[in-house]
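Visitor: I have a model in front of me and a list of words I half understand. Could you show me how such words are earned?

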Amino acid sequence: MAYTDLQISDLEADLLPALGAEPPDVIGISAQYGTLRQAERTLDRLRQEGWFGRSCVVAGNVLPTYAYSWLLEKYPDLLCCIGRGELF
């Protein structure tokens, strides 16, 4: 398991190399309010690199909860977690 925070890390230098040659089962993206362009760049790059076909790509947090229809239209292979993901 690897964790990369793209608010302080770089997509090219940190995230893509962290994925490695062996595809992970799941690639999770937490997209909060104000990160639409960052999420879009990341998802575009994952699609270009073929990760949608090799791993399950899941997005959660505020952006996928409220913009899931737009995200799913643009990225039909994306899974969106809608609403709360935690149980209390």
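**Earning the words**

Guide: Happily! Leu71 has a relative accessible area of 3%, and that makes it buried. Keep in mind that this is a predicted model.

Visitor: Why is Leu71 called buried?

Guide: The word buried is used under 20% relative accessible area. Leu71 comes out at 3%, so it is buried. Leu71 lies in helix 5, which runs over residues 68–74.

Visitor: Which residues is Leu71 in contact with, leaving aside its neighbours within four places in sequence?

Guide: Those residues are Leu43, Leu63, Pro64, Leu78 and Cys80. Contact here asks for heavy atoms within 4.5 Å. There is also a distance to look at: the C-alpha atoms of Leu71 and Ala39 are separated by 9.9 Å, and these two residues are 32 apart along the chain.

Visitor: What makes Tyr33 buried or exposed?

Guide: Exposed begins over 50%. Tyr33 has a relative accessible area of 74%, so Tyr33 is exposed. You can find Tyr33 in the loop between strand 1 (26–30) and helix 2 (36–48). Together with Val62 and Tyr66, Tyr33 makes a nonpolar surface patch of about 440 Å².

Visitor: What makes two strands a pair?

Guide: DSSP has to find at least two bridges between them. Strand 1 and strand 2 have five bridges, in the parallel sense, and Ser30 stands opposite Gly60 in strand 2. Strand 2 and strand 3 (residues 79–80) have two bridges, also parallel, so the requirement of at least two is met. There, Val58 stands opposite Leu79 in strand 3.

Visitor: Why is strand 2 called largely enclosed by the rest of the structure?

Guide: Strand 2 covers residues 56–60, and four of its five residues are buried, so the description fits.

Visitor: How many disulfides does a search of the whole structure find?

Guide: Zero. Cys56 is in no disulfide, since the nearest cysteine sulfur, that of Cys81, is 9.0 Å away, while a disulfide needs two cysteine sulfur atoms within 2.5 Å.

Visitor: Why is Cys81 without a bond to its closest cysteine sulfur?

Guide: That closest sulfur belongs to Cys80 and is 7.8 Å from the sulfur of Cys81, which is too far for a bond.

Visitor: And why are Cys56 and Cys81 called partly exposed?

Guide: Partly exposed is the range between buried, under 20%, and exposed, over 50%. Cys56 is at 28%, so it counts as partly exposed. Cys81 is at 42%, so it gets that label too.

Methods: Residues numbered from 1 in each chain as written. Predicted model: local features only at pLDDT ≥ 70, side-chain atom pairs only at ≥ 80, totals over all residues. Heavy atoms only, no water. Patch = residues over 30% accessible without salt bridge, like charges linked within 9 Å, V, L, I, M, F, W, Y side chains within 5 Å. Areas by Shrake-Rupley, 256 points an atom, 1.4 Å probe, with all protein chains shown as cover. Salt bridge = Lys/Arg side-chain N within 4 Å of Asp/Glu carboxyl O. Buried < 20%, exposed > 50% of the residue type's maximum accessible area, 1.4 Å probe, protein only.
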